[in-house]
Amino acid sequence: KLQNRTFCVVAPEGLDSENIKFFNFISDYLNNYNNLRFIWRFHPIYYGRENNFIQKNFKNFSKFRNKIILSKNSIDNDFRNSKFLLFRGSTVVVKGLNKNLIPINLKLKNDLSNNYFMDSKNFSNLQISEPKDLNDLVFKHKIQNKILYNKNKILNDYAIINNNIKTKYFI
């Protein structure tokens, strides 16, 4: 069992390029900081071929084996053990916020923003582009609390903006 909530769920979309971007970002983070561990959740299209993908694309994965956990658990279990959720376009961020995770949108330089909460009227998530930004956010408790305080308003904005009836399941 995981001992504390210094974990961040990583939720890349089901694209090889997204997984590679996330891994490169996280490996840069782990080469410079030691305040978080990561729970990697492959998109379901990778189930059964995760190890092959890692061997082919994450050449230095073994260096980070004690800092990146490849999850086989339920998403709810991963959320219970985490405080943050690093995402780009994955809709899992809606459920993560509902389970009180702090959503952190990874916006890499020269990439289009792919942020589900971008149009919310409320301060809804943190956007980062550098490993230092992520490390700094770990200690910004006032900002984290503001997001959780606005959680229901943010999720309601998301449902209205996206005219998404299914979102009510999460709220």
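Start by selecting Glu18: in this predicted model, Glu18 is buried, at 5% relative accessibility. Now add Arg88, which is buried too, with a relative accessible area of 6%. What joins them? A salt bridge does, with the closest N and O atoms 2.5 Å apart. Follow the backbone out from each end and you'll find that this pair links distant parts of the chain: Glu18 belongs to helix α1 (residues 16–32), while Arg88 sits in the loop between β4 (84–87) and α4 (92–98), 70 residues apart. Keep both selected and bring in Lys21, because Glu18, Lys21 and Arg88 are linked in a network of salt bridges, a salt bridge being a Lys or Arg side-chain nitrogen within 4 Å of an Asp or Glu carboxyl oxygen.

Next stop: Arg41 and Asp78. Their side chains meet in a salt bridge, 2.5 Å from N to O. Arg41 is in the loop between β2 (37–40) and α2 (50–57) and Asp78 is in helix α3 (residues 75–80), so this bridge ties together parts 37 residues apart in sequence. Buried or exposed? Asp78 is buried, at 1% relative accessibility, and Arg41 is buried as well, with a relative accessible area of 14%.

Now jump along to helix α5 (residues 131–137) and pick Lys132 and Asp136, which both lie there, 4 residues apart, or about one turn of the helix. Here the side chains form a salt bridge at 2.8 Å, N to O. The setting is partly exposed at both ends: Lys132 has a relative accessible area of 45%, and Asp136 comes in at 28%. If you want the full set of such pairs, a search of the whole structure turns up 6 salt bridges.

Stay in helix α5 and click Asp133. It is partly exposed, at 28% relative accessibility. Then measure across to Tyr29: the two C-alpha atoms are 9.6 Å apart, although these positions lie 104 residues apart along the chain.

Tyr29 is a handy way into the aromatics, of which the whole structure has 11 pairs. Show Phe38 next to Tyr29 and you get an edge-to-face pair, 5.6 Å centre to centre with 85 degrees between the planes. Tyr29 is buried, with 0% relative accessibility, and Phe38 is buried at 0% too.

For another edge-to-face pair, select Phe53 and Phe58, whose centres are 5.5 Å apart and whose planes make an angle of 85 degrees. Phe53 counts as buried at 4% relative accessibility, and Phe58 is buried with a relative accessible area of 4%. Which cluster do these two belong to? Extend the selection to Phe23, Trp40, Phe42, Tyr46, Phe61 and Phe64: together with Phe53 and Phe58, they are linked into a cluster by ring pairs.

Finally, zoom out and colour by secondary structure. You should see 8 helices and 6 strands, running along the sequence as β-α-β-α-β-α-β-α-β-β-α-α-α-α. Colour by burial instead, and 46% of the 171 residues in the chain come up as buried. Switch on contacts between residues at least 6 apart in sequence, and 63% of them join residues at least 24 apart. Last, put a surface on: the accessible surface of the chain comes to about 9300 Å², and carbon and sulfur atoms account for 48% of it.

Conventions. Residues are numbered from 1 along each chain as its sequence is written. This is a predicted model: local features need pLDDT of at least 70, side-chain atom pairs count only at pLDDT 80 or more; totals for chains, interfaces and linings use all residues. Side-chain values use heavy atoms; hydrogens and water are left out. Helices (H or I, at least four residues) and strands (E, at least two) are DSSP runs, numbered from the N terminus. Buried means under 20% relative accessible area, exposed over 50%, partly exposed in between (1.4 Å probe, protein chains only). Contact means heavy atoms within 4.5 Å. Accessible areas come from the Shrake-Rupley method with a 1.4 Å probe; for residues, only the protein chains shown count as cover. Rings of Phe, Tyr and Trp (its six-membered ring) pair if their centres lie within 6.5 Å; planes under 30 degrees apart count as stacked, over 60 as edge-to-face and the rest as tilted.
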